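Biologist: I am new to this structure and would be grateful for a close look at a single part of the fold. Please begin with the pairing of strands and then proceed to whatever surrounds it.

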Amino acid sequence: MIALARAHREQRQTHDSRAALYGVKALFDTLDTQPSTNRKHLAILCAKAWWLHSELCLSEGNLQQAMAAVRTAASIINSVWAQLEQRSTKKLPATEDDAGTDHLTSKVSKLNFTDTSKEDVRASSRGPSFWIIIPVASSIIMHAADVYTHAGLFVEAHHYATKAVAIADSIEGSMWSIAARSKLASILTLADRVEDAELCLAKLDVAPVEPRMPVVDLYRVRARLCASTGELEQSLKHYDAACDVLVQIGARFNAFGEPMCAKSLEIAVAAPKPKSAAAVRSRSTVRTKASQHVKASRLSPAIERVLYDIKLERAHIEQRLHGNFDALEPLHEMVNSSLRQLQHLQAMSSFETKAQTDVVFNALVESSLICPGVSGSTASTIVEDTQPQRKAATKTKSSITRGKTPKAALTNIMPKSELGRLLRDARGHLQLPTASCRSIEAMTDIHRESQMLVTSSIYSSATNLEVNNRLGALDIASSISMPASLAKMRERFALKVDLSSTPKSAQLPWPCVMPTEQDDETVAAVEISDILPDSWTVVSLQLSADATELLVMRQHKDDACFIVRLPFARQDIEAERADSFDFAAGKAELAEIIEQSNSICHAGNEPSKKMASAAWWREREQLDKRLHELLVNIEEIWLGGFKGVLCPTECHKNLAAFRKQFETILARHIPWAKKEPKLALPDTTLQLFLSLCHGQGASLEIDEPVLDLLYSVVDSLKFHGRELAFDEIDFDTLTIELIDALQMHHDGIDKDAETEEHLILVLDKRLQNFPWESLPYLENTSVSRMGDMLSLRDRILSMRSSDLDGRYLVSHELGTVILDPAADMKRTQETMQPALQNVMSTRPAWQSIVGRSPTEAEFEEALSSSSIVMYFGHGAGSQYIRPRTVKKMANCSEVVWLMGCSSGAVTEHGELEATSVPASYLVAGGCNIVSSECRKCLAVVANLWDVTDKDIDRFSIAAGADWGLWSPPEDGKHSPVAVAIRGAVRDTTSTPPVVLMTPKASRAPRGEVSSKTPARKRSRKADARLLSLSEAVSRNRDACYLRYLNGAAPVVYGVPVYLDKR
């Protein structure tokens, strides 16, 4: 029924667009046969046709065609605008008032929006001819903003919405201004730019009084703004006002969109907002009568859809405010993404409420869960555990304990079939069975629905609540990885549309269906285990929709993937504590550290003017320590015993022997293990125990991680029907025996020579600004990061053509160096020039640009012709070559070094897709519509935040030498292991000074870390083994005196690449 309702709704929308398109075509054909018809009117009709064609394609899920159609519509309408501008210029003499209009029309016609003049600009000064085109142009541009918002592309959507505002403001049309500013504010709200959205709406001069659709849009966006700031009551009031206006609009038109007679316009208008309860009931009665009147007169389908969407948005706010789903009852007749999400939340709320009162599943929500879970489970009866429950989990040095539901609440055993039904219903609301269904959904909805689906599916997989119809690990993995891959595919659609040119013809082009690329490729992107190199491991780190859970997926060559769900609350499920360390606390702590660091860095270069040099160093060292503590807390609290999921190696050796030993120890401490059939733990769970010793040996203190994993194993057994009394299990002794077993296993493995294992992190857009590569567990480990599986799959396939012995070799014969292009970093020149001259003396084909700014054409030529491009300057070089230019390049350098401040920083755009300069380089070469033979960028080295020049230059020298690009520095000269000299000239940043505000954020709980930056332990002798770029970066972070504040900033985007020394 849900699928039928959704199909019916989509068919109605498609029918409306198709009917309108046929009507425009008939009018076009009629006018085209009349000699007296103005060519301008035909062009406007043709633009309308492409606009309607775009809406039709969007409703059918053909996003690439929708983008192409709306750009064609914009191109036609811009051409008409330019012709009118030209004729008007010939007829009218130029005046001062015309200057603003000339500026505006030229910008609009070129589709290259920049800040327009602030003068009072009026399109009417050009005559009535412009008034014919302005409504069409505004509508087309606002539809373009909708198309790119649907694709999740903030930059493009913001570009078109801002252009629409410029046009609307120029004609001083209040309704057009309301429509355009509501559109822009809606996009800004989605991007979590609340202040900008409020400023945008604040520029509306007058309050709307006339009942029009732009007024409805205005109330809706104000409601969303209030919801985003937590003003839920005010949000409901704005939604009520939107409904009132829509009711008045609906009363003026019949079901066919035709104006109604004067008698039909008599409708009750909502009274002023009352304060008394009686007045509230009276107002509700008035609105009900109005709604009944409109219902009796049959609303038009378009208005009916808008009213339905408003009610759904309001129901979301009601659920957040009151925690109930009463507003859902009358909304089941039509189905869309918003309703499915509410239905899922309703079913999950019922499931979690009932599970909390069950003696078996009361700790399910706060427990860490592994998928796939145990196997070999028999259909045993779940009986009440009469023993006391475990206490809330807290991070203490001695032990980890578990959560407790008050025993008074555990009054009965919930039938397993009832909980399973609720879980199945919750999951059923969200399943998107085909690629075509996914293509219809907006990216914001796809992200939310996929994240919701993962949580409910893991509940099913980790328990015995559902025996049939549960999703497998690969299906859950698809739900985790699909949104980011689909977003990348849609970004490529937009780039291909930009690269394709509209054919110029004497005749106006009429909409037609053109071949487009489908997004089915994203399905194959998830299943990459069969093409992964043997030494690679891919780990995806994602957040749940509400950012309360960390979802970790691991894939290795020819091994089954497995997923771990890690609730942040599992380490602190008592009442809210001041030192709880969830995602919000970690993000706030990182933001405070970085902003304080930036503020100190940019305070100035003269100690006498700002602060004493010693004080400057103390503050920097304190921030370095705080960042170290933050990383320790992320590893110990967020990951806990599951940090082994990040291990780049598969612990297969002697796994069978360890399994036997593990089961023997378990049987000694768990009473039922000897009597009942065994429940087999998957190999992946045992490997989590073995991975705790990764790179460290088993001599470290791993009692807490082992205990964390043990509780998860016991929980898994309990959720699969085993009767467990936790008081009868001696977890302390069990932990000690398992640590001894791990030590024996570790000692019994032959210590091979250094291997070349590599870890690739595929990160959620909300996690990309964290320096995961610098976690203590991953010290000296070869790690790189990617934004999605689709880009990773493309890189693997590109590497296969020149893969040598499992390595991708990059030629070092052709390269370009851009050093100090702003000519204000003399110390960097002095430090880097000896190494760079070493390179150029042995490779004469290398080019250099030193002490001057490259043109965009020079930068583009360097990227197109060189295999390696190294940039040492301010920022990411975006002031010399635009990221959009980089994206459109058919060929790009395989390795790019961007050693400026925040060159790798990721800009988040709320619910829309994040952007970064390295991501632009990784897109380059993937959208070549002329030839499939192109060179892609495989690795980008960049900094996550601002750094100081001396530290980052030392890092660059050391990393480049280890990679083999130049010879190591002479002993004692430019030594990578630096010792700060108090009172000497301080490090300076690689960006101009700015003044930043330091935010107030709750401090993260402090882990037990050393009071100073850890000492440098590794010898700096040249490694005879060939190192990948990512390994060279990882091994040289301690080249920086501030090991974390500067050393953790450089990361590698992409895959491991080696330098070809043949």
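Modeller: In this predicted model, V941 has V1052 in strand 16 as its bridge partner. That pair belongs to a longer arrangement, in which strand 15 and strand 16 (residues 1050-1054) are joined in the antiparallel sense by 5 bridges. Strand 15 also pairs with strand 12 (residues 895-898), this time in parallel and through 4 bridges. There, A939 of strand 15 has V895 opposite it.

Strand 15 itself covers residues 939-943, and 5 of its 5 residues are buried. A939, V941 and N943 point one way from the strand, while V940 and A942 point the other way; buried status applies to all of them.

Beyond these strands, one may turn to the nonpolar interior. The largest nonpolar core has 186 residues, and L646, F689, W772, L792, L863, Y921 and W963 are the members that touch the most others. Helix 21 (residues 613-639) supplies the largest share of this core, namely 10 residues. Because domain 2 (581-602 + 612-748) and domain 3 (783-969 + 1024-1059) both contribute residues, the core lies between the two domains. A second core, separate from this one, holds 85 residues, among them C57, Y160, L307 and I310. In soluble globular proteins, nonpolar side chains tend to be buried together.

L646 offers a useful view of the larger core. If neighbours within four places in sequence are set aside, L646 is in contact with V539, R554, L639, L759, L761, L775, Y777 and L778. The residue that follows in the numbering, C647, is placed in the loop between helix 21 and helix 22 (655-669). C647 is buried, because its relative accessibility is 1% and the limit for that class is under 20%. With the same neighbours within four places in sequence left aside, the contacts of C647 are T537, R554, S691, H694 and Y777. R554 and Y777 thus appear among the contacts of L646 and also among those of C647. The C-alpha atom of C647 is 9.3 Å from that of E757, although 110 residues separate the two along the chain.

Helix 21 also contains D624. This residue counts as buried because its relative accessible area is 1%. The side chain of D624 reaches two backbone nitrogens: that of Y1044 at 2.8 Å, and that of L1045, which lies 2.8 Å from a polar atom of the side chain.

Some points of backbone geometry lie in loops. C371 and P372 are joined by a cis peptide bond with omega of about 0°, and P372 is found in the loop between strand 1 (369-371) and helix 14 (416-428). D192, a residue other than glycine, has a positive phi near 65°. It sits in the loop between helix 7 (174-190) and helix 8 (194-202), and D192 is exposed at 57% relative accessibility. N780 likewise has a positive phi near 65°; its place is the loop between strand 5 (758-763) and strand 6 (783-786). N780 is partly exposed, with a relative accessible area of 36%.

As for the whole, the protein chain has 32 helices and 17 strands. Of its 1062 residues, 56% are buried. Among contacts between residues at least 6 apart in sequence, 79% join residues at least 24 apart.

Key. Residues are numbered from 1 along each chain as its sequence is written. This is a predicted model: local features need pLDDT of at least 70, side-chain atom pairs count only at pLDDT 80 or more; totals for chains, interfaces and linings use all residues. Side-chain values use heavy atoms; hydrogens and water are left out. A nonpolar core is a set of buried Ala, Val, Leu, Ile, Met, Phe, Trp, Tyr and Cys residues joined through side-chain atoms within 4.5 Å. Buried means under 20% relative accessible area, exposed over 50%, partly exposed in between (1.4 Å probe, protein chains only). Helices (H or I, at least four residues) and strands (E, at least two) are DSSP runs, numbered from the N terminus. Domain bounds come from an automatic or database domain assignment. Contact means heavy atoms within 4.5 Å. A polar contact is a pair of N or O atoms within 3.5 Å; within protein, one must be able to donate a hydrogen and the other to accept it, and residues adjacent in sequence count only if both atoms are side-chain atoms. Two strands pair if DSSP finds at least two bridges between them.
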